[in-house]
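The following note sets out points for a colleague who is examining this structure. Please read the numbered points alongside the sequence and the coordinates.

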Amino acid sequence: MTRRRLPVTAVPIVAAPMAGGPTTVALCSAVAEAGGLPFLPCGYRTTQACADDIEALRQTGHPFGVNLFVPDTGVPDTGVPGGGVPGAAASRNADPDEAAFAAYRQQLLPEAEALGVVLEEKPRNDRDEWEQKVELLLQSPAPVVSLTFGLPDPAVIAALQEAGSAVLATVTTPSEAELAQEADVDGLIVQGSAAGGHSATFDPDRSLPDTPTVQLVHDVLKVSSLPVIAAGGVDGPQAVKSLSAAGAHSVAIGTLLLRTDEAGTSATHREALTAPQFTTTTMTRAFTGRPARALRNEFIDRHESAAPSAYPSIHHLTRPLRQAAAAAGDAQRLHLWAGTGYRHAPAAPAGEVIRWLSTGILAAGRPR
């Protein structure tokens with residue numbers, strides 16, 4: 001097949017899709033105006049909300065990407081297509097263990113009582129409107145579509161490409177990169193373990209080694225000829241320079257945008273990124289049942305050892321806790337997603353951050 005090329009942008013910086021609020025249309029627009037390539041998250045949002053934001057970004061005239069969460073993580077089967085979307089029923093089943101869910105819910109009841117919320121009693125394993133979102137992107141194509149948490153049926157990838165989108169797969173190992181190349185994607189987002197938020201690993205049950213992103217880029221490029229966007233642990237211009245030298249087509253940032261003016265990051269989350277009591281990040285399943293890097297807090301300390309690997313049912317279980325914690329300013333019970341470079345996140349307009357990363361390699365200083 002003839003692969004689609006990634007959009008040409010003025011600077012080799014990509015704004016990662018931060019689901020759950022931090023990434024906004026305003027943030028994407030500011031990144032695009034500064035010459036970067038922004039990605040809009042569709043995870044946890046309705047199809048109509050995604051459609052509205054896609055149309056708003058299209059009006060800017062700048063290239064952008066849209067990110068989808070692939071349901072039922074893992075290497076997909078080659079099942080029968082369904083729901084009007086090619087490959088819609090192709091992913092493996094990932095029903096949660098009801099006993100493990102019930103035990104974890106029981107452990108979280110004191111947290112719910114403290115915050116005054118009610119927890120769901122049964123596990124919910126929804127598909128995040130996957131079929132509808134794919135159909136939206138077939139009818140209203142984005143320049144780029146990125147996939148996280150696995151690979152869908154190759155027919156979905158081919159259909160998105162036929163509609164006009166370059167399709168990227170997010171990978172965390174060379175073997176995942178090989179699977180993605182076999183599925184005929186157009187490029188790879190190579191996510192190192194230092195990245196904030198959810199790991200894109202195809203297998204959420206596996207132990208995640210601490211692999212520097214530079215090393216992972218080298219390892220992936222040994223087995224794949226696809227263009228690579230490097231993500232994870234970016235804390236300034238030197239990291240961008242190092243990843244570019246390792247062979248990355250461009251470099252993705254997320255955590256460095258959390259404190260920008262245009263981000264939708266909650267006040268509690270913003271403050272925690274500079275608060276002295278939060279001294280490290282850690283991988284945890286405690287909030288969503290899937291490994292994600294966050295500032296280590298008391299909720300993680302209390303519950304990480306008991307958290308089952310059961311996404312998205314644990315995500316739905318803890319959602320009211322997290323919402324109440326954010327509203328109450330309770331950073332010790334909030335999912336404070338952050339990569340290892342969180343202390344370098346500037347409180348500044350997003351455009352300044354993009355310019356700092358792209359031209360700051362040669363110019364002194366960074367936004368404060």
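1. Asp184 is partly exposed, because its relative accessible area of 32% falls between the 20% limit for buried and the 50% limit for exposed. In this predicted model, the residue belongs to the loop that runs between H6 and strand S6 (187-191). Its backbone deserves a check: Asp184 is not a glycine, yet its phi is positive, at about 70 degrees.

2. Phe149 likewise calls for inspection of its backbone. Although Phe149 is not a glycine, it has a positive phi of about 85 degrees. Phe149 is located in strand S4 (residues 144-150), and with a relative accessible area of 1% it is buried.

3. A glycine should be listed alongside these residues. Gly35, just after H1, adopts a positive phi of about 100 degrees.

4. One peptide bond should be noted before any further modelling. The bond from Tyr311 to Pro312 is cis, its omega being near 5 degrees. Pro312 is found in the loop between helix H10 (298-303) and H11.

5. Helix H11 (residues 313-328) packs with helix H3 (residues 98-115) at an angle of about 10 degrees, and the two axes are 10 Å apart. Since angles under 35 degrees count as roughly parallel, H3 and H11 are roughly parallel to each other. On the H3 side the contact involves Phe101, Tyr104, Arg105, Leu108, Glu111, Ala112 and Leu115, which meet Ser313, Ile314, Leu317, Thr318, Leu321, Ala324 and Ala325 of H11. By class, the residues of this contact comprise 10 nonpolar, 2 polar and 2 charged.

6. How are H1 and H12 arranged with respect to each other? Helix H1 (residues 25-33) and helix H12 (residues 350-359) pack with their axes 8 Å apart and at an angle of about 40 degrees. H1 is therefore oblique to H12, and their crossing is right-handed. Leu27, Ala30 and Val31 of H1 make the contact with Ala350, Gly351 and Ile354 of H12. This set of residues divides into 5 nonpolar, 1 polar and no charged.

7. The burial of H1 may be considered together with its partners. Leu27, Cys28, Ser29, Ala30, Val31 and Ala32 are buried in H1. Strand S1 (13-15), strand S2 (37-41), helix H2 (47-58) and H12 are the elements against which the buried residues of H1 pack.

8. Gln161 is part of helix H5 (residues 154-163). Its relative accessibility is 8%, so Gln161 counts as buried. The side chain of Gln161 has a polar contact with that of Asp186, at 2.9 Å.

9. Thr172 sits in the loop between strand S5 (166-171) and helix H6 (174-182). Because its relative accessibility is 10%, Thr172 counts as buried. Its side chain is joined to the side chain of Arg206 by a polar contact of 2.9 Å. Leaving aside residues up to four places away in sequence, Thr172 touches Gln191, Ser199, Ala200, Thr201, Arg206 and Leu216.

10. A final point concerns Glu135, which lies in helix H4 (residues 130-139). Glu135 is partly exposed, its relative accessible area being 28%. The C-alpha atoms of Glu135 and Ala159 are separated by 9.7 Å, and these residues are 24 apart along the chain.

Terms used
Residues numbered from 1 in each chain as written. Predicted model: local features only at pLDDT ≥ 70, side-chain atom pairs only at ≥ 80, totals over all residues. Heavy atoms only, no water. Helix = DSSP H or I, 4+ residues; strand = E, 2+ residues; numbered from the N terminus. Buried < 20%, exposed > 50% of the residue type's maximum accessible area, 1.4 Å probe, protein only. Polar contact = N/O pair within 3.5 Å; in protein donor to acceptor, adjacent residues only side chain to side chain. Contact = heavy atoms within 4.5 Å. Axes fitted to C-alpha atoms, helices over the stretch in contact; angles between N-to-C directions. Parallel < 35°, antiparallel > 145°, perpendicular 65-115°, else oblique. Left-handed = near helix turned anticlockwise from the far one by under 90°. Nonpolar A, V, L, I, M, F, W, Y, C, P; charged D, E, K, R; others polar.
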